[in-house]
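Trainee: I'd like a close look at one part of this model. Could you pick out the contacts between charged side chains and walk me through them, then show me what lies around them?

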Amino acid sequence: PDNPAGALAAVVARVASQARLDLDLTVEGTHIEPDAAVLAVSVDEEVIADAGPWLPGFAREVLLSSSERRRGGVHHTSPAMARALVGFVAEVRPFAPNDVVLDPAVGGGVFLLAVAEALDGARADRVQGLRGIDIDPLAVATTEASLRLWAGGAALPADAIRVGNALDDESQEFE
């Protein structure tokens with residue numbers, strides 16, 4: 001597509017609308033207008049409800065060609081695999097209330113969504129300890145929108161999900 005950010009903004013808008021939330025896509029501080037053509041696509045509302053906050057990540061994956069994925073080192077993980085890995089980690093070391101969980105390559109947010117599901121407490125509270133980083137600003141925006149959709153629109157801590165390279169020698173400290 002000519003406007004991947006607009007397409008993702010439209011997906012976020014559709015999921016947010018169904019959840020009765022006022023939420024939009026923001027990439028590096030810039031509000032992205034939803035692509036009108038994507039908004040006009042007829043989609044079974046049950047599909048949107050079933051995928052919910054996972055849908056922006058699925059859309060992000062579809063928007064990248066195989067060559068773009070190869071060139072960018074983008075490797076998507078299924079929600080089932082992410083849930084299984086998070087479950088394994090939780091068996092080895094159960095999550096504690098004040099844990100901070102970092103995904104060093106957030107992509108569409110699948111691992112952080114799986115962690116959020118695995119935690120206890122109110123949804124708005126669960127996302128407060130989640131952190132992520134990615135070199136792709138659209139991936140960061142997708143993850144932030146997905147987590148906010150999952151948490152009923154709750155805000156995330158400032159810079160919880162941010163653009164950067166977790167492999168850089170520079171300090172990538174999170175609070």
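Mentor: Sure, let's start with glutamate 45 and arginine 14, whose side chains meet in a salt bridge, 3.4 Å from N to O. Keep in mind that this is a predicted model. The two partners sit 31 residues apart, with glutamate 45 in helix H3 and arginine 14 in helix H1 (residues 4-18), so the pair links distant parts of the chain. How covered are they? Glutamate 45 is partly exposed because its relative accessibility is 39%, while arginine 14, at 18%, falls under the 20% cut-off and therefore counts as buried. As a general idea, side chains of opposite charge can pair when their charged atoms come close.

That salt bridge is one of 4 in the structure. Another one joins arginine 60 to aspartate 136, and here the closest N and O atoms are 2.9 Å apart. This pair also ties together distant parts of the chain: arginine 60 belongs to helix H4 (residues 55-63), aspartate 136 to the loop between E4 and H9, and 76 residues separate them. Arginine 60 has a relative accessible area of just 4%, so it is buried. Aspartate 136 is partly exposed at 25%.

A further salt bridge brings glutamate 117 and arginine 83 together at 2.8 Å, N to O. Glutamate 117 is in helix H7 (residues 110-118) and arginine 83 in helix H6 (residues 79-92), 34 residues apart. Glutamate 117 is partly exposed at 33%, and so is arginine 83, at 39%.

Now go back to that loop holding aspartate 136, and look at strand E4 (residues 130-134). 5 of the 5 residues of E4 are buried, so the strand is largely enclosed by the rest of the structure. Leu130, Gly132 and Asp134 point one way, and Arg131 and Ile133 point the other way. E4 has a parallel partner in strand E3 (residues 101-103), joined to it by 3 bridges, with leucine 102 standing opposite arginine 131. Strand E5 (residues 161-163) runs parallel to E4 as well, again through 3 bridges, and there isoleucine 133 faces arginine 162. To get from E4 to E5, the chain passes through helix H9 (residues 137-150), and this β-α-β crossover is right-handed.

One last stop takes us back towards helix H3. Valine 43 lies in the loop between helix H2 (36-39) and helix H3 (45-51). Together with Val41 and Val47, Val43 makes a nonpolar surface patch of about 200 Å². Valine 43 itself is partly exposed, at 30% relative accessible area.

Terms used:
Residues numbered from 1 in each chain as written. Predicted model: local features only at pLDDT ≥ 70, side-chain atom pairs only at ≥ 80, totals over all residues. Heavy atoms only, no water. Patch = residues over 30% accessible without salt bridge, like charges linked within 9 Å, V, L, I, M, F, W, Y side chains within 5 Å. Areas by Shrake-Rupley, 256 points an atom, 1.4 Å probe, with all protein chains shown as cover. Helix = DSSP H or I, 4+ residues; strand = E, 2+ residues; numbered from the N terminus. Buried < 20%, exposed > 50% of the residue type's maximum accessible area, 1.4 Å probe, protein only. Pairing = 2+ DSSP bridges. Right-handed = clockwise from strand over helix to strand, strands pointing away.
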